[in-house]
Structures are given as structure tokens and as C-alpha cells.
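Hello,

I am passing a structure on to you, since you have not worked with it before. Please have a look at it first, and then read my notes below.

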Amino acid sequence: MAIRSVLCVVGARPNFMKVGPLIPALAARGLAAPLVHTGQHYDVAMNDRFFAELGLPQPDVNLEVGSGSHAVQTGEIMRRFETVLDERAPTAVLVVGDVNSTIACALVAAKKGIIVVHVEAGLRSYDRTMPEEINRVLTDQISDFLFTTEAGALANLVREGIDPARVFLVGNVMIDTLVANLDNALPAAATLAAHGAAFSSGYVLVTLHRPSNVDDPVALAGLVDCLAEMAAEAPVAFPMHPRTRARIAAAGLSDRLSGPSIALLPPAGYLEMLGLMRSARMVVTDSGGIQEETTALGVPCLTVRDNTERPITVTDGTNTLVGTDPARVLAAFRHTLATGGKAGRVPHLWDGHSASRIAAVLAEKL
Ligand code: UD1
């Protein structure tokens, strides 16, 4: 029998820690797992470091699409990915998460009649203004095998007409990576010192990059002022996504984030970020993945959004949705400082073994 191959796609930072554990798990089941990188993220800080730290193999193909509008980026990935499928004719294409690379590659594969596997399926914010929500809904519609991280995802998929026989609750591959790397996390004090922070503990860790928070200068100014107020009560460590740094600079807001109790850091590497999250007093974020990682670590998380596609982090985990109104964010921050924040428990099957569950299903079904 010809070797069955599951062509794995990565494009952007949050994909790397999801695909990392899948490649060896697929290999252990006798499935070839070539890796295609779309090049959606390309900076050393957003890309190269993660490959080294996570032990990912160098991609077999890099499409080098870079940045662009959603249409340009998605279209360019599709155009270049089609050639790869023609050359390699994989048994299946595996995509993860909800970034533009996810929908672009799933769509090309589906139109070619190649089996599409979606890992982290069925999450819904029910907010179609989020580009990721469009990517999630459409990718799930054209996927053949759908692997979910939380039980509620199945109901979302069934509501959209997807046959439950194709849906498998396997847990969270991103937490596989967290479990495997926790012992190697870099101490937060060392990371903070390396970037000249005037504090080494007791800090609040902040990440913001959602277009809804950082692309609108008025919303951004409100959140920047909110961070400055937080820093008067607890030190703030803020590793910045390149788009956030650019928007803050363009809006003339950089001066408001200065002083000894604010540390503006470059985008953190994976092992730095693990260390920073684990030792934080709380995390304030609009990231999807960080809501899950803080739940796995038992660190309180305030999510600066009105909704979440990951409700289990709120019902079971340490996450609280605080909205985007600066006054509300500040009130939740003060409450968390005073009370120590929400305790939670780790969700079912977030145990470090999700990738091997996925590989077992695919070895049987493909
Ligand atoms: C993408 C994902 C988002 C994910 C985020 C994690 C989509 C729709 N969004 O958003 O879900 O949470 O990645 O980081 O796919 N840039 C660089 N260097 C890079 C990459 C980007 O400077 O290596 C800058 C560019 O100016 C670019 C901007 O960041 O225009 C946005 O990058 P893009 O890939 O379009 O989306 P993200 O905001 O990173």
C-alpha cells in the first residue's frame, strides 16, 4: 500500500504549538506528515524562534506569502498551495485553528477532492465581525474530519448541519505542547531582566492584538490609558505583537506607556511566554490561545472581548470575559488584585495526549 500522507499546514504564530505535537504522533502511526508553511507570519520573533523552541521540522515547502489585506493574503495562499497539492497529492490536508492560512488551504484541498482534517473545530464566538469566526465556520463546513477541544463544540457543529459521526472530542493539542514544555519554561524574572524591566515578580501580563481592540485609535487609546492606570497599582509586562506596536506608535500613544512599572517587550518566544504566564499575578489578553493556556496553568485571565469562542475557559477555567470598556476592564483588574482571582479546573482531555488521539483516529479512517 502507498504511504498515506497527512499534509500539515502552519501559517501564523498560534498554529505552531498546535501542529508541533501532531507531526510525531502521525509518524508514530505510520502516516507521513509533510509540513507546509504559508509564510503568513515571517518575522524572526513571530516565526523562526518557535520552530527552534518547539522542535518543529523545517517546512518541506514555504509559500512565503507574507502580509496583505485578507483577500490578498488568502488568495495568494490559495494560488500557491494549489501547486503544492498538485505536486504532492497527499491523502489528506490537516489545518488547525482559525487563521487565514486555515481557510485558504482547506478550501483549495476541498475543491480538489482531498480529505480535509480540521483540528480545533466547532469553536464559535457567534461574532461575524471577527475574521477568525468566518474562517472557523467556513473551514468546518468543508472539513471531512473535525477534532474538537471542548464538548460544546459538537452542538455548534450539529446546528450547522455537520454529521456528528465526523466529529471527535480529543482535547487540546496546544495543551499537549504546554504540558511537554512546562519544565523548560524560561523563568519570568530572567526574561524581564533581559528586557530591562524594573520589576521581576508580582506583575500583570498583557497581550493585545485583535483588530477590534488595536485598529481603532479611539478604542486603542482607551485601553492604553487603562493599562497606564493598572501600572499605578501593579507592574505591567506587555509583549507586543508587531501590529499592536505599529498601531500604538501611529496613534501617538507610545508616551502613555512609559515608566518603571511598565515593561514593553518584543513578541515573546514560546518558552518565555510560558514562564511569563505561569508566574503572572493575572493575564489580561484578547488572544484565543492564551485564554486556554491560562486555564491549563490555573492563572486568572481577564479577556478583553465581549465574547469568546472558548466558553469552557469561563465555565470550567480561570477566564473572565470583561468586555472592552476600559472602566469595566479596570474594575475587573482591581477585583482580581484584591481577591486573587478566579480558581478553575483543567477541562476534560486537556491532558497532553490529544495529538495521539487524533493520530489514532486518522490511522483508522484514512
Ligand atoms: C493572525 C490571525 C489571528 C492570530 C494572530 C496571532 C488571521 C485572520 N488572524 O493575526 O487569528 O491570533 O495571527 O498572531 O489569520 N506582521 C509582522 N510580522 C509578522 C506577521 C505580521 O510584522 O511576522 C504584521 C504585519 O504588519 C501585518 C500584521 O502584523 O500586516 C498583521 O498580520 P496578519 O498575519 O495579517 O494577522 P495577525 O494580526 O498577525
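**Where the ligand sits**

The ligand occupies the largest pocket. Three elements each give two or more residues to the shell around the ligand: α1 (13-19), α4 (70-88) and α12 (242-250). Please keep in mind that this is a predicted model.

The domains help to place the ligand as well. Domain 1 (6-171 + 350-365) and domain 2 (184-339) both contribute residues to the shell, so the ligand lies between them.

**Who surrounds the ligand**

There are 20 residues around the ligand, and those that come nearest are H41, N100, E132, H209 and H241. Sorted by class, the shell holds six charged, eight polar and six nonpolar residues.

**Polar contacts and cover**

Two of the nearest residues turn up again when you look at the oxygen atoms of the ligand. For E132, a polar side-chain atom is 2.6 Å from a ligand oxygen atom. For H209, an N or O atom of the side chain lies 2.8 Å from an oxygen atom of the ligand. R210 also takes part, with a side-chain N or O atom 3.4 Å from a ligand oxygen atom.

How much of the ligand does the protein cover? On its own the ligand has 740 Å² of accessible area, and the protein covers 84% of that.

Best wishes

Note on methods
Residues numbered from 1 in each chain as written. Predicted model: local features only at pLDDT ≥ 70, side-chain atom pairs only at ≥ 80, totals over all residues. Heavy atoms only, no water. Near = heavy atom within 4 Å. Polar contact = N/O pair within 3.5 Å; in protein donor to acceptor, adjacent residues only side chain to side chain. Areas by Shrake-Rupley, 256 points an atom, 1.4 Å probe, with all protein chains shown as cover. 1 Å grid on protein atoms, 1.4 Å probe; cavity = no way out; pocket = protein on both sides within 12 Å on 5 of 7 lines; lining within 4 Å. Sits in = over half its atoms within 2 Å of the grid points. Helix = DSSP H or I, 4+ residues; strand = E, 2+ residues; numbered from the N terminus. Nonpolar A, V, L, I, M, F, W, Y, C, P; charged D, E, K, R; others polar. Domains from an automatic or database assignment.
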